[in-house]
Amino acid sequence: MHRISLTLAAVCLTLSGPAPVIAHHSFAAEFLPDETGTISGIVTQVWFKNPHARYYVEVTGDDGEVVTWDTRANSPSLLVRKGWTKQSIKVGDQVTVHGYLGRDDRKLMSIITVTFADGRVLRDKQVEPK
């Protein structure tokens, strides 16, 4: 009986503790909804996983300095519905990315479109949020 009481108490304590929280920031917390920009560079890393597909793009400035931008798209499931695949953007691709700029001058962008050297365009967002 004592063993059952201890087990029951342990289960109750476990279930009554704080629940783990899965954090997901709102668009406005990370991006400027009224400011867009365009960068051109070489894709160095592809992350086609939840919660957002990410493409790291090395951009060489006019001064010759190379800066890596973290460009983010919607979730892979939403992108697939728009015709994107895991292979749509590959490491080594030369791309021009147009999107919403990150807050606090971070090298972060929420993708609106990706244009390839051959002129092909992938669109992530149809309507720009305000």
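Two strands are taken to pair if DSSP finds at least two bridges between them. The structure described here is a predicted model, and the pairing of its strands is set out before its interior.

Strand 1, residues 31–47, has two pairing partners described here. With strand 2, residues 54–60, strand 1 runs antiparallel, and five bridges join the two. Within this pairing, valine 43 has valine 57 of strand 2 as its bridge partner. The two strands form a hairpin, with six residues lying between them. Strand 1 also pairs in the antiparallel sense with strand 4, residues 94–102, over eight bridges. Here threonine 38 is found opposite histidine 98 of strand 4.

Strand 2 in turn is joined to strand 3, residues 66–72, by seven bridges, and this pair is antiparallel. Valine 66 of strand 3 stands opposite threonine 60. Strand 2 and strand 3 likewise make a hairpin, in this case with five residues between them. The turn of this hairpin contains glycine 64, whose phi is positive, at about 90°. Strand 3 is further joined to strand 5 by three bridges, and these two strands run parallel. Threonine 71 has methionine 109 in strand 5 as its bridge partner.

In a regular strand, side chains alternate between the two faces of the sheet. The interior was examined through the nonpolar core. The largest nonpolar core comprises 19 residues, and Tyr55, Trp84, Ile89 and Val114 are those with the most contacts inside it. At least two residues of this core come from each of strand 1, strand 2, strand 4 and strand 5. Strand 5 contributes the most, namely four residues. Leaving aside residues up to four places away in sequence, tryptophan 84 touches Tyr55, Ala73, Leu79, Ile89, Ile111, Val114, Leu122, Arg123 and Asp124. Three of the residues with the most contacts inside the core, Tyr55, Ile89 and Val114, are thus also among those touched by tryptophan 84.

A search of the whole structure for cavities of 30 Å³ or more returned one. The volume of the largest cavity is about 30 Å³. Its lining consists of Val43, Tyr55, Val57, Thr71, Ile89, Val95, Val97, Ile111 and Val114. Strand 2, strand 4 and strand 5, the last spanning 108–116, are the elements that give two or more residues to this lining. By class, the lining residues are eight nonpolar, one polar and no charged. The bridge partners valine 43 and valine 57 both line the largest cavity. Threonine 71, the partner of methionine 109, is also part of the lining.

Note on methods
Residues numbered from 1 in each chain as written. Predicted model: local features only at pLDDT ≥ 70, side-chain atom pairs only at ≥ 80, totals over all residues. Heavy atoms only, no water. 1 Å grid on protein atoms, 1.4 Å probe; cavity = no way out; pocket = protein on both sides within 12 Å on 5 of 7 lines; lining within 4 Å. Points joined across faces, edges and corners; volume = space filled by probe spheres on them. Nonpolar A, V, L, I, M, F, W, Y, C, P; charged D, E, K, R; others polar. Core = buried A, V, L, I, M, F, W, Y, C linked by side-chain atoms within 4.5 Å. Buried < 20%, exposed > 50% of the residue type's maximum accessible area, 1.4 Å probe, protein only. Contact = heavy atoms within 4.5 Å.
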